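Let's take a friendly walk through a protein chain together. Have a look at the sequence and the 3D picture, and then read on.

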Amino acid sequence: MKSVKIFASLLFVLALCTASTLENKKKGIFIVGVSASFTDSLIYFTNIQFVDSIELDKNKLLPMRSQYSEQLDNYLEQNLGLNNRTCFIYFDEKKKKLEKTIKKMKEKYQKDGKAILKETGADFKFTKAVEY
């Protein structure tokens with residue numbers, strides 16, 4: 001009987017520790033933006049950014065993801081004067097996985113030598129999208 005109480009107590013403590021660890025996990029998503037145009041060979045990449053307080057939906061999709069590509073498009077139009085660009089957003093919960101995806105993409109663009117890759121600059125930051 002005594003061993004059952006000890007086992008139950010240890011199991012309870014383990015459950016509490018696990019629950020507190022899950023609550024302390026930083027919630028958010030890593031996002032990178034890519035912008036291309038059909039009329040020129042310039043391809044812009046943002047740096048990988050962590051946007052907190054965002055969670056993927058049940059299908060592992062980023063909610064309101066069109067607003068993030070719109071943020072990049074607006075930045076390029078207003079700050080760099082680049083109009084009519086197509087903006088893509090790549091996201092993941094793990095930074096390493098996203099870095100690997102972007103590295104592969106850059107290698108493909110550089111392989112043929114026709115594309116010119118540029119960074120947007122450190123002044124561009126994604127902000128959490130809000131529902132309207």
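What follows is a short tour, from the overall layout to the core, two buried residues and the charged pairs.

**The overall layout**

Keep in mind that this is a predicted model. The chain is built with three helices and five strands. If you trace these elements along the sequence, you meet them in the order α-β-β-β-α-β-α-β. The chain has 132 residues, and 31% of them are buried. Its accessible surface is about 9700 Å², with 56% of that belonging to carbon and sulfur atoms. Contacts often reach far along the sequence: among those between residues at least 6 apart, 70% join residues at least 24 apart.

**The nonpolar cores**

Now look inside. The largest nonpolar core holds 18 residues, and those touching the most other members are I31, L62, Y68, L76 and F126. Two or more residues come from each of strand 1 (28-36), strand 2 (42-45), helix 2 and strand 4. Helix 2 is the biggest giver, with four residues.

Try finding Y68 in the picture. Leaving out residues up to four places away in sequence, Y68 touches I31, I54, L62, P63, I89, F126, T127, K128 and A129. Apart from this core there is another one, of ten residues, including V32, F45, L98 and M105.

**Two buried residues**

Is Q67 buried or exposed? Q67 counts as buried, because its relative accessibility is 13%, under the 20% cut-off. This residue belongs to helix 2 (residues 65-80). A polar atom of the Q67 side chain lies 3.0 Å from the backbone oxygen of V130.

C87 sits in strand 4 (residues 86-92). With a relative accessible area of 15%, C87 is buried too. Beyond its neighbours within four places in sequence, C87 is in contact with V34, S35, S69, L72, D73 and L76. From C87 to Q71, the C-alpha to C-alpha distance is 9.3 Å, and the two are 16 residues apart in sequence.

**Charged pairs**

Side chains of opposite charge can pair when their charged atoms come close. The count for this chain is four salt bridges. Three of them are listed here.

| Salt bridge | N to O distance | Residues apart in sequence |
|---|---|---|
| E55 and K27 | 3.5 Å | 28 residues |
| D40 and R85 | 3.3 Å | 45 residues |
| E119 and K106 | 3.0 Å | 13 residues |

Where do E55 and K27 lie? E55 is in the loop between strand 3 (49-52) and helix 2, while K27 is in the loop between helix 1 (2-24) and strand 1, so the pair ties together parts that are 28 residues apart in sequence. K27 counts as partly exposed, at 45% relative accessibility.

The pair of D40 and R85 also joins two loops: D40 lies between strand 1 and strand 2, and R85 between helix 2 and strand 4. The partners are covered to differing degrees, as D40 is partly exposed at 33% relative accessibility, whereas R85 is buried at 7%.

In the last pair of the table, E119 belongs to strand 5 (residues 116-119) and K106 to helix 3 (residues 95-112). E119 is partly exposed, with a relative accessible area of 46%. K106 is also partly exposed, with a relative accessible area of 23%.

Definitions and conventions. Residues are numbered from 1 along each chain as its sequence is written. This is a predicted model: local features need pLDDT of at least 70, side-chain atom pairs count only at pLDDT 80 or more; totals for chains, interfaces and linings use all residues. Side-chain values use heavy atoms; hydrogens and water are left out. Buried means under 20% relative accessible area, exposed over 50%, partly exposed in between (1.4 Å probe, protein chains only). A polar contact is a pair of N or O atoms within 3.5 Å; within protein, one must be able to donate a hydrogen and the other to accept it, and residues adjacent in sequence count only if both atoms are side-chain atoms. Contact means heavy atoms within 4.5 Å. Accessible areas come from the Shrake-Rupley method with a 1.4 Å probe; for residues, only the protein chains shown count as cover. A nonpolar core is a set of buried Ala, Val, Leu, Ile, Met, Phe, Trp, Tyr and Cys residues joined through side-chain atoms within 4.5 Å. A salt bridge is a side-chain nitrogen of Lys or Arg within 4 Å of a carboxyl oxygen of Asp or Glu.
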